[in-house]
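Visitor: I'd like a close look at how the helices in this one pack together, and at the residues sitting around them. Could you walk me through that part slowly?

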Amino acid sequence: MLLDRSFRRTLIARLLLSAGPSTAAALLIAAPGCGEPETAETADAAETADIRCFEWFEELGACLDREQALEEFWTIHPFCESEEEILSVESDATQRDGACCYEVIVQEAGPCAVGRPFTLEGRRRTAAPRPAEAGWLARGSAKSTGPGGMRPSLAHLTDEERETLAEGWLRSALEEHASVASFARFALDLMAHGAPSSLVEAAHIAALDEVGHARLGFSLASAYRGAPVGPAAFPMPPAIPVAADLVALARAVAEEGCVGETVAALVAAEQRARAEDPAVRAALEAIADDEARHAELAWLTVAWAIGAGGEPVRRAVAGVFEAAAESLRRPPPAEADAEAPRGRPAALAAHGHLAGADLRALSRAALAQVVLPCALSLGLWKPRAAAAAVAPAVSA
Ligand SMILES: [Fe+2]
Ligand SMILES: [Fe+2]
């Protein structure tokens with residue numbers, strides 16, 4: 001599964017840089033950049049050296065350099081679609097028989113989640129949809145832009161496709177709406193544990209971003225539906241617990257932000273790349289850019305929490321990435337019983353809607369190509385290592 005390459009590269013760079021400020025210095029010792037070779041001392045016992053090749057044509061010129069080759073291997077063999085993961089490229093290329101071959105470090109391969117959920121007692125919560133609710137539509141003249149304040153072109157769509165798009169965008173809008181609550185709680189968590197003002201400020205800005213995403217989603221859903229739809233009251237309990245300690249805070253941020261929002265940013269970028277309708281592309285453009293910033297905030301928060309809380313926090317974070325890696329090691333779910341698409345896939349993709357199987361594959365690719373390589377490079381996780389064994393390998 002291919003991810004939008006330039007967005008992926010930019011996001012990787014941003015994630016690595018975001019974790020670099022002074023509060024994260026202890027975390028980032030010698031972080032070499034996603035996917036670059038590990039040192040001998042940190043190599044995992046399950047890793048082996050071998051030769052791997054990919055097809056190459058002389059007309060394309062010289063073989064790729066090591067860094068480009070690693071990216072090519074990730075593209076060809078992401079965790080989700082291969083029994084092995086290539087961790088690093090250790091030699092320059094040897095061109096032979098229409099292929100470029102490299103000495104590489106490999107290991108057996110091994111998820112997939114999306115967005116910043118509001119979780120309570122282990123359960124994700126969203127509001128119910130409320131028909132005729134116009135209070136969450138994007139700003140603008142409903143008269144000039146349609147019932148949702150957005151005006152995607154409905155021409156050439158069948159009734160079934162409009163219904164599919166209305167349902168898909170509504171589901172997404174309800175999740176974005178829940179993210180508003182999630183960031184509001186996150187801001188309280190940060191306050192409760194002495195986070196710097198920059199993180200608290202960024203959390204509040206992110207909550208406002210999510211208000212915008214929800215508006216865009218409800219607006220598009222309303223446009224495809226032909227009538228306004230918004231959220232009912234959010235199912236908020238009378239008391240909202242804040243994270244008990246830095247370990248709990250960091251674990252949640254790693255799960256929901258480092259994994260969830262990084263995946264969400266990459267999935268949104270891919271949806272944007274496949275979308276053709278201008279209104280949909282504009283919405284996904286804004287969402288993908290904001291989600292990338294939210295992902296940066298998560299990685300920066302984890303760095304701060306480890307700096308403040310030490311080894312227990314580091315182990316908790318490593319456990320999250322190990323769980324993500326473990327989910328990748330399991331084969332992807334069988335798609336045989338997947339629902340038949342309700343509409344033409346290309347027409348739906350042109351309006352930002354991807355099939356469930358596509359989303360799952362994209363999520364797995366995002367984990368394999370961005371989340372786990374970044375966690376590895378930042379010393380936050382080691383493949384197949386027990387969480388407790390991670391810390392000594394990267395401690396100063
Ligand atoms: Fe969002
Ligand atoms: Fe977000």
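Guide: What follows is a tour of the helix packing, with stops at a few single residues. Keep in mind that this is a predicted model.

Let's start with the helix pairs. Two packed helices are described by the angle between their axes and the distance between the axes. Take helix H4 (residues 159-192) and helix H7 (residues 278-309): their axes come within 13 Å and cross at roughly 30°. Angles under 35 degrees count as roughly parallel, so H4 and H7 are roughly parallel to each other. As for handedness, H4 passes H7 in a left-handed crossing. On the H4 side, the contact is made by Trp169, Glu176, Phe183, Phe186 and Leu190. H7 brings Val280, Leu284, Ile287, Glu291, His294, Leu297, Thr301 and Trp304 to that contact. Sorted by class, the residues where H4 meets H7 are nine nonpolar, two polar and two charged.

While we're on these two helices, each has a buried residue to look at. Ser179 is in helix H4, and it counts as buried because its relative accessibility is 3%, with the cut-off for buried being under 20%. Outside its neighbours within four places in sequence, Ser179 is in contact with Arg116 and Glu210. Arg116 is 63 residues away from Ser179 along the chain, yet their C-alpha atoms are separated by 5.3 Å. Over in helix H7 there's Asp290, which at 15% relative accessibility is buried too. Leaving aside neighbours within four places in sequence, Asp290 is in contact with Asp209 and His213.

Now for H10, which pairs up with H6 and with H8. Helix H6 (residues 246-274) packs against H10 at an angle of about 120°, the axes being 9 Å apart. H6 and H10 are therefore oblique to each other, and the crossing is right-handed. From H6, the contact takes in Cys258, Val259, Thr262, Val263, Leu266, Val267, Glu270 and Arg274. From H10 come Asp358, Leu359, Leu362, Ser363, Ala366, Leu367, Val370 and Val371. Between H6 and H10, the contact residues split into 11 nonpolar, two polar and three charged.

H10's pairing with helix H8 (residues 311-329) has axes that come within 11 Å and cross at roughly 145°. H8 passes H10 in a left-handed crossing. Phe321, Ala324, Ala325, Ser327 and Leu328 of H8 make the contact, together with Arg364, Leu367, Ala368, Val371, Leu372 and Ala375 of H10. By class, the H8 and H10 contact has nine nonpolar residues, one polar and one charged. If you compare the residue lists, Leu367 and Val371 of H10 turn up in the contact with H6 and also in the one with H8.

Next, the loop leading into H10. His351 is found between helix H9 (345-349) and helix H10 (356-377). It's buried, because its relative accessibility is 7%. Its side chain is joined to that of Tyr224 by a polar contact of 2.6 Å. Setting aside neighbours within four places in sequence, His351 touches Pro152, Ser153, Leu157, Leu165, Trp169, Tyr224, Asp277 and Val280. Two of those names should ring a bell: Trp169 of H4 and Val280 of H7 are among the residues in the H4 and H7 contact.

Let's finish with some backbone and surface stops. Most residues other than glycine have a negative phi, and most peptide bonds are trans. Against that background, His156 is worth a glance: its phi is near 70°, a positive value in a residue other than glycine. His156 lies in the loop between H3 and H4, and it counts as exposed because its relative accessibility is 73%. Ala132 also has a positive phi, near 70°. Its place is in the loop between strand E7 (129-131) and helix H3 (142-145), and at 63% relative accessibility Ala132 counts as exposed.

Last stop is Arg96, in strand E3 (residues 94-96). At 42% relative accessibility, Arg96 counts as partly exposed. Beyond its neighbours within four places in sequence, Arg96 is in contact with Ile51 and Cys101. Arg96 and Cys53 are 43 residues apart in sequence, while C-alpha to C-alpha they are 9.2 Å apart in space.

Methods
Residues are numbered from 1 along each chain as its sequence is written. Chains are lettered from A and ligands numbered from 1 in the order in which they are written. This is a predicted model: local features need pLDDT of at least 70, side-chain atom pairs count only at pLDDT 80 or more; totals for chains, interfaces and linings use all residues. Side-chain values use heavy atoms; hydrogens and water are left out. Helices (H or I, at least four residues) and strands (E, at least two) are DSSP runs, numbered from the N terminus. Buried means under 20% relative accessible area, exposed over 50%, partly exposed in between (1.4 Å probe, protein chains only). A polar contact is a pair of N or O atoms within 3.5 Å; within protein, one must be able to donate a hydrogen and the other to accept it, and residues adjacent in sequence count only if both atoms are side-chain atoms. Contact means heavy atoms within 4.5 Å. Axes are lines fitted to C-alpha atoms, for helices over the stretch in contact, and angles run from 0 to 180 degrees between N-to-C directions. Angles under 35 degrees count as roughly parallel, over 145 as roughly antiparallel, 65 to 115 as roughly perpendicular and the rest as oblique. A crossing is left-handed if the near helix is turned anticlockwise from the far one by less than a right angle, and right-handed if clockwise. Ala, Val, Leu, Ile, Met, Phe, Trp, Tyr, Cys and Pro count as nonpolar, Asp, Glu, Lys and Arg as charged, and the others, Gly among them, as polar.
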